[in-house]
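Open the model in your viewer and keep the selection panel at hand. The stops below run from a pair of strands outward to a whole chain.

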Amino acid sequence: MKLTLKIWKQKNNSSAGKFETYSVEADEHMSFLEMLDVLNQSLLEQKKEPVVFEHDCREGICGSCSMVINGQPHGPNKGTTACQLHMRYFKDGQTITIEPWRAKAFPIVKDLVVDRSAFDRIIQAGGYISVNTGQAQDGNAIPIEKGLASEAMDAATCIGCGACVAACPNASAMLFTSAKVSHLGLMPQGEIEHTKRVQSMVTQMDSEGFGNCSNVGVCEAECPKGISIENIARMNRQYIGSVFGSQTKVEKA
Amino acid sequence: MPLKANSPEGALDDKWTKYRSTMNLVAPNNKRRIDIIVVGTGLAGAAAAATLGELGYNVKAFTFHDSPRRAHSIAAQGGINAAKNYQNDGDSVFRLFYDTIKGGDYRSRESNVHRLAEVSRNIIDQCVAQGVPFAREYGGLLANRSFGGVQVSRTFYAKGQTGQQLLLGAYQALSRQISLGNVEMYNRHEMLDLVIEDGKARGIIARNLLTGKLERFGAHCVVLGTGGYGNVFYLSTNAMGSNVSAAWRATKRGALMANPCYTQIHPTCIPVSGEYQSKLTLMSESLRNDGRVWVPAHKEDVMAIREKRMSAKDIPEDRRDYYLERRYPAFGNLVPRDVASRAAKVACDEGFGVNKTGLAVFLDFASAIQRYGKTEAHSNGIHNPDPKKIEELGKKVIEAKYGNLFEMYEKITGEDPYDVPMKIFPAVHYTMGGLWVDYNLETNIPGLFALGECNFSDHGANRLGASALMQGLADGYFVIPYTIGQFLSKEIRTPKINSDSPAFMEAEKDVDGRLKKLLSINGSQSVESFHRRLGLIMWEYCGMSRNAEGLQKGRKLIQELRAEFWKDVFVPGSDDEFNPELEKATRVADFLELGELMMVDALDRNESCGGHFREEYQSEEGEALRRDDEYAYVSAWEWKDGDDPILHREDLEFENVELKTRSYK
């Protein structure tokens, strides 16, 4: 299949970017990233600069790949990262537009690569349980209801790719933050620090320049792991509860 | 040089406890003055960095990824073993130890493996305390499942994403230490050299991948948790960025690389579909509980399938060859990974492969769907169910067990595995070899430690399923925090390491020269194209089966390819910018040397064991033939640029297990 690609090219964060047009010969069995490999190979053969994009595991779990394909983060398929998207979902002769995540809190590094370290800083603000190695009691000492553990697991499957931010018209990181708040808060081990955690993480999220949530719901629709927007509702309840219902107050950084 | 394993004296099950209680400690006030570099933030690296930070050391942690959470540990599916005996099925520390030694085909060190089995129990406790959402039973207690090569149920899991959840646990512990200021995190920094001063590892040269700037980092010791080298084959289940460079740079500085020829080929991966293919995707070992592996028994059926004139379903039972069940009636489809992989290769070599490349076999769930369907109908009180109902109910059971894997398979291949059998083929998955370490996980270079997949220590010649996660976390959480004290207790008078000293400046100059050289060649072939060709050579001559003639030829081909690489590679851009092609070039350059060492090692080992199958050494029935009298040793190689590598042997002593031939007939 013959495709026309319009790809965002940008040297670095301080220079301006623009779309470049390429044509590429693809095979329907290729993954989307393999199609880009083919493009880059041909660019290198012409001694031209390849298109830079982030990728690693290529099996939908590391969260590295991050591109908006025809206006949708990770492309047209539901529950699928760009690396797992295959070319048979595209048509011969089609034009495909490829852009980076666009959000103030995710500055562009080069071409399709953005800086997502804001996510790391949100986790550093409290996305953990304060237990040192060696302090743990027996793993079966605290039974956890099966349904509850599985609800926590569903929230914990977030791969930190940032598609939720890229999809949201406000570039909000509420789905990402609330998934971690929910995962830890649902587990009895994480409940103890819950009040402080939810405030710290929300405060950090706000200070990174992510937008607010206005219940558009596109984050859930575009999330390759199907993280539920219910987590946002849960985090809002818990945040309000922690601010008005407890002595713990986390000051803005 | 004499290799000293430094295993403690005493009875096997006392060694670690006694050693831990008597080893040297570093006082809290001294810990604050000691710097430790940890390279890699996967299970081993992140666990080590977090724990060493908790203890009060000053830790600097490095990853080439944009975040520590991206390390490839995240992709592990199945689970993590631990000798908890929660299932009351007779598991014990000794049994886990024994299974691991036997599964490794008696090529690992008893004392290390026993310690691994001991601390396996602490790992589960620790991870639960961190909030890892392991699967649970209705009573609220932890669930277990079975994995290949063992007769107990000791594998803990979190759906098919156990690696992800364990890595996030370690990442969160690490994040906490970063926020407390105990760990300084360097994302997008790649280690490009090791710095040795007065014979001790004292720092690294790292490249800031965003700016391209080379930076010198000094510390009292260096810990590597940098993963395996499966990507030397180009196509593997590893992530695209996984590389050997940190470990290989250490080897070039004098560390010994042990058993590099021990590579694990996983039997159930999605086959190669074309020349553009960039990586291979694993289908979990758990599928072989219910899937039956077969190829057509007649060549005309094979051709009909390849030409799409027939589908697998058109072939009647009596024209199928369930070759694992035929060859290994006792274990059937659940033989260990190395055995299943070789059998698939034999079937395809004989011309029975079922896709257009001839390199695929069927993994069929039709029998399981029938079996489960009938049971379900019966338990739902449906008598004389029609075949459609049986199929419907059976598919539901299969979906509950393997739903996410079936979905992944369909996404990649476009075929519905509930309806037609999966096509699978073996692929490179894990490397048992790695940097040689003693009982303290210290390499032969004082102050240089290696953890997890990047060392050679615990899996011998073949790793059992669900043991990689166990080893990474054992090394990081429960071994290195203690054993590092044996080295650091002698360093409390050593002042801060000065990274402007001649050793550092020289190492930086070396790296800079290498980068400039790569950029200046300005040849005509991409890095990727060299990597692909290296992979083909490795797979052909050092893959699932090897022979002396092929290994000699392979070594020569790699030497030629390496020479061509340094003459004709094309790396665009410059070294003072974000340049992924340059990163790739440094990694492939290192693979081009490691590949040769693997050939040398495989040629030297005149026996078949675990993942290393030498065609000259097989029984009359085609099974692996180990030669314990001559080869019960660890091969630790010293690399010499432009000269033959030098072999150092660590003889393995077995005091607690009897060496036997593995049989699955």
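Select B:Val195 and B:Gly203: the two are bridge partners, with B:Gly203 lying in E7(B). Helices (H or I, at least four residues) and strands (E, at least two) are DSSP runs, numbered from the N terminus. This is a predicted model, in which local features need pLDDT of at least 70 and side-chain atom pairs count only at pLDDT 80 or more, while totals for chains, interfaces and linings use all residues. Residues are numbered from 1 along each chain as its sequence is written, and chains are lettered from A and ligands numbered from 1 in the order in which they are written.

Extend the selection to strand E6 (residues 189-197) of chain B, which pairs with E7(B) in the antiparallel sense over eight bridges; two strands pair if DSSP finds at least two bridges between them. Two residues separate the strands of this hairpin, and B:Asp198 in the turn has a positive phi of about 50 degrees.

Next, add strand E8 (residues 214-218) of chain B, antiparallel to E7(B) over five bridges. Here B:Ala206 has B:Glu215 in E8(B) as its bridge partner. Five residues lie between the strands of this second hairpin, where B:Gly212 takes a positive phi near 85 degrees.

Now colour by burial. A residue is buried if 20 or more other C-beta atoms, placed from the backbone, lie within 10 Å of its own, exposed if 12 or fewer, and partly exposed in between. Strand E7 (residues 200-208) of chain B is largely enclosed by the rest of the structure, because seven of its nine residues are buried.

Move to helix H13 (468-488) of chain B. H13(B) is mostly covered, with 18 of its 21 residues buried. H13(B) bends by about 55 degrees at B:Val479, and B:Pro481 follows within four residues; the bend is the angle between axes fitted to the seven residues ending at a residue and the seven starting there.

Show both chains. Their contact takes 62 residues from chain B and 64 residues from chain A, where two residues are in contact if their C-beta atoms, placed from the backbone, lie within 7 Å. On the side of chain B that touches chain A, H6(B) gives the largest share, nine residues.

Finish on chain A, divided into domain 1 (2-99) and domain 2 (116-244) by an automatic or database domain assignment. The domain centres, taken over C-alpha atoms, are 30 Å apart. Twelve residues of domain 1 of chain A are in contact with ten of domain 2 of chain A.
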